[in-house]
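User: Hey, I've got a structure to look at for class and I'm not sure where to start. Can you go through it with me?
Analyst: Sure, put it up and ask away.

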Protein chains: 2
Amino acid sequence: MSVLIVGSTALDSIKTPKVENPCLLGGSASHAAVAASFFSPVKLVGVVGKDFPKKYLQLYHRHKIDLAGLQILPGKTFHWSGEYEVNMNNRRTLLTELGVFETFTPTLPESHRDAKFVLLANIAPSLQHHVLDQMRHPKFVVADTMDLWLNIALPDLLKLLKRIDGFVLNDSEAHQLTKEDNVFGAMKKIHKLGPKYVVIKKGSHGSILSGPRGYFICPAYPLSRVVDPTGAGDSFVGGMMGWLAAARGSIDDNFRRGMVHGSVVASFCCEGFGLTQTAKTRRAQIDRRVKELEKLTRF
Amino acid sequence: MSVLIVGSTALDSIKTPKVENPCLLGGSASHAAVAASFFSPVKLVGVVGKDFPKKYLQLYHRHKIDLAGLQILPGKTFHWSGEYEVNMNNRRTLLTELGVFETFTPTLPESHRDAKFVLLANIAPSLQHHVLDQMRHPKFVVADTMDLWLNIALPDLLKLLKRIDGFVLNDSEAHQLTKEDNVFGAMKKIHKLGPKYVVIKKGSHGSILSGPRGYFICPAYPLSRVVDPTGAGDSFVGGMMGWLAAARGSIDDNFRRGMVHGSVVASFCCEGFGLTQTAKTRRAQIDRRVKELEKLTRF
């Protein structure tokens, strides 16, 4: 089955202690869509400006991503610029130019409204609502978010939590949302806000699922060199949703392996700037790392 | 087989945001010895003062810990006092009174020199050397350490790394030792300093082994409430060594399960102040959590 993915489509300028890369393809939906495309057909919903490089549209095409829901509007593409510290864990935003994103309304083509798997990648909760309003009978809806929306759009986000099946966020966001330091305590509180599946991302420490079958401790693939972690969280959730949409059987049966596949796609994402490494990756490489993770966690 | 454990034997006063507990049984060797005792006979090597409460000697006795190597000297027992922040991750030392520990020389009884499994729990590297000097043919030697020794006794510690089989340290200590931010990069550098097995502890994120069979990602048992993490790292390494000393087969075959058993004993340690919860734990409870961890990590 195909996955509908809405989120940001951006040009990222990323500075790390060693190098600076201007105008990389970025945004939550770009990372999630390419990640999901390894496993399922993807329908991308987003907006870019007239300045959006053709090579990036070609990149989407190469991954067979359906662009009927990608609006190309007069004006500039959303541009994010950020800088990483030496340890690659702390990031600070240098610049955000919304461009065409400022007035973006994600109107879905008729062909998109019957999608069964919906990923509301990181974007304003009001836009995530707007997409859900247009869907007919989605089977499985997952949302991601970021600290910004917890700060400026909390009521919208809380309403969204009552409409989705799964919620994915990182550990500091979980703390911000619940005021609970303990990650398992935080997950309990988030369940009470609505979602049946809660996934907390912990970067290089992996991720944790709390769902109907209890907890799952999902490993991160061991990388001895991280080039650029931007988009790793989006790749994780995108890969997870792509895998779930493709898998036979129940969501409950498949959720753990979905997370592991997302985790592996995220590991490739970290090995290059922006989407450069992810875009070069082949399915066989992903399957190999999933097998390795099986061996690295058995005891 | 029995495990010889040398380290500190102390009285700990621990303050958390909710409560203060004076004069708990503590010290790296106390935690490690009780943890190891679930699996193997233990020979404890340490020193206490005349003020050392009888109830703590009885606690050691209940765990069948051989105290022939525990010196009881005129003077005061080593006393450590510390405080935890709200999130239980950051600890600061309020007070350290060395007492009889200041002039401690760990002289081994004749009966101890043939022990095959040796755990040099956290203590000055010069004392760890002194114990090794007295051993005849140890089969498997593991050392733990702390940031203090990296700061004030680095040459001694580096010499020790050439004499041991396994080295256990936490992620910030690994960074301090190698100047390497990436944990897998740090482990590669530590292997070059001597140890065949390198274990990095990451608190609630679990631990990682780098050994002859590659990496192992060891989970932490999910706890939704941590009462006091003091001694969790010592319990982990103690439990691991106790399990290894008891297991049949090669160290390589057993190392992963040893770590998981250590991780589970550490989880009990975190559920009470000092050793209170660990001392109440039964072997069957440990085995149950190990089985749970197997289920929580399978995919």
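User: How much area do chain A and chain B bury between them?
Analyst: Keep in mind that this is a predicted model. In it, the two chains bury about 2,700 Å² between them, with 60% of that on carbon and sulfur atoms.

User: Which residues of chain A lose the most area to chain B?
Analyst: That would be A:His205, A:Ile217 and A:Phe299, which together make up 28% of what that side buries.

User: And how many residues are in contact?
Analyst: 31 residues of chain A touch 31 residues of chain B. The copies meet through the same surface, because 100% of the interface residues of chain A are also interface residues in chain B.

User: How are the two copies related in space, then?
Analyst: A turn of 180° with a shift of 0.0 Å along the axis lays chain A on chain B, and the RMSD is 0.0 Å. So the copies are related as by a two-fold rotation axis.

User: Which residue of chain A comes closest to that axis?
Analyst: A:His205, whose C-alpha is 3.1 Å from the axis. A:His205 is also one of the residues that lose the most area to chain B.

User: What holds charge-wise across the interface, how many salt bridges?
Analyst: The rule finds 0 salt bridges between chain A and chain B. There are 15 residue pairs in polar contact, though.

User: Which elements of chain A give two or more residues to that side?
Analyst: Helix 7 (183-192), strand 13 (214-218), helix 9 (251-270) and helix 11 (283-297). The largest share, 6 residues, comes from helix 11 of chain A.

User: How do the residues on that side divide by type?
Analyst: On the side of chain A that touches chain B, 15 are nonpolar, 7 polar and 9 charged.

User: OK, new topic. How many salt bridges are there over all chains?
Analyst: The structure holds 23 over all chains.

User: Show me one in chain B. What does B:Arg213 pair with?
Analyst: B:Arg213 forms a salt bridge with B:Asp253, and their closest N and O atoms are 2.8 Å apart. This pair links distant parts of the chain: B:Arg213 is in the loop between strand 12 (207-211) and strand 13 (214-218), and B:Asp253 is in helix 9 (residues 251-270), 40 residues apart.

User: Is B:Arg213 buried or exposed?
Analyst: B:Arg213 counts as exposed at 54% relative accessibility, while B:Asp253 counts as partly exposed at 49%.

User: Which residues get joined into one network by salt bridges that share partners?
Analyst: A:Glu110, A:Asp114 and A:Arg136.

User: Let's switch to A:Leu169. Where is its place in chain A?
Analyst: A:Leu169 is in strand 10 (residues 166-170). A:Leu169 counts as buried, because its relative accessibility is 0%.

User: What is A:Leu169 in contact with, leaving aside its neighbours within four places in sequence?
Analyst: Quite a list, including A:Asp144, A:Leu177, A:Ile190 and A:Ile200. A:Ile200 is 31 residues away along the chain, yet the C-alpha atoms of A:Leu169 and A:Ile200 are separated by 5.2 Å.

User: Last one: where is A:Ser37 found?
Analyst: A:Ser37 sits in the loop between helix 1 (28-36) and strand 4 (42-49) of chain A. Even so, A:Ser37 is buried, with a relative accessible area of 15%. Beyond its neighbours within four places in sequence, A:Ser37 is in contact with A:Val42, A:His63 and A:Ile65.

Conventions: Residues numbered from 1 in each chain as written. Chains lettered and ligands numbered in written order. Predicted model: local features only at pLDDT ≥ 70, side-chain atom pairs only at ≥ 80, totals over all residues. Heavy atoms only, no water. Least-squares fit on C-alpha atoms with pLDDT ≥ 70 in both. Contact = heavy atoms within 4.5 Å. Buried area = accessible area lost by both parts, 1.4 Å probe. Salt bridge = Lys/Arg side-chain N within 4 Å of Asp/Glu carboxyl O. Polar contact = N/O pair within 3.5 Å; in protein donor to acceptor, adjacent residues only side chain to side chain. Helix = DSSP H or I, 4+ residues; strand = E, 2+ residues; numbered from the N terminus. Nonpolar A, V, L, I, M, F, W, Y, C, P; charged D, E, K, R; others polar. Buried < 20%, exposed > 50% of the residue type's maximum accessible area, 1.4 Å probe, protein only.
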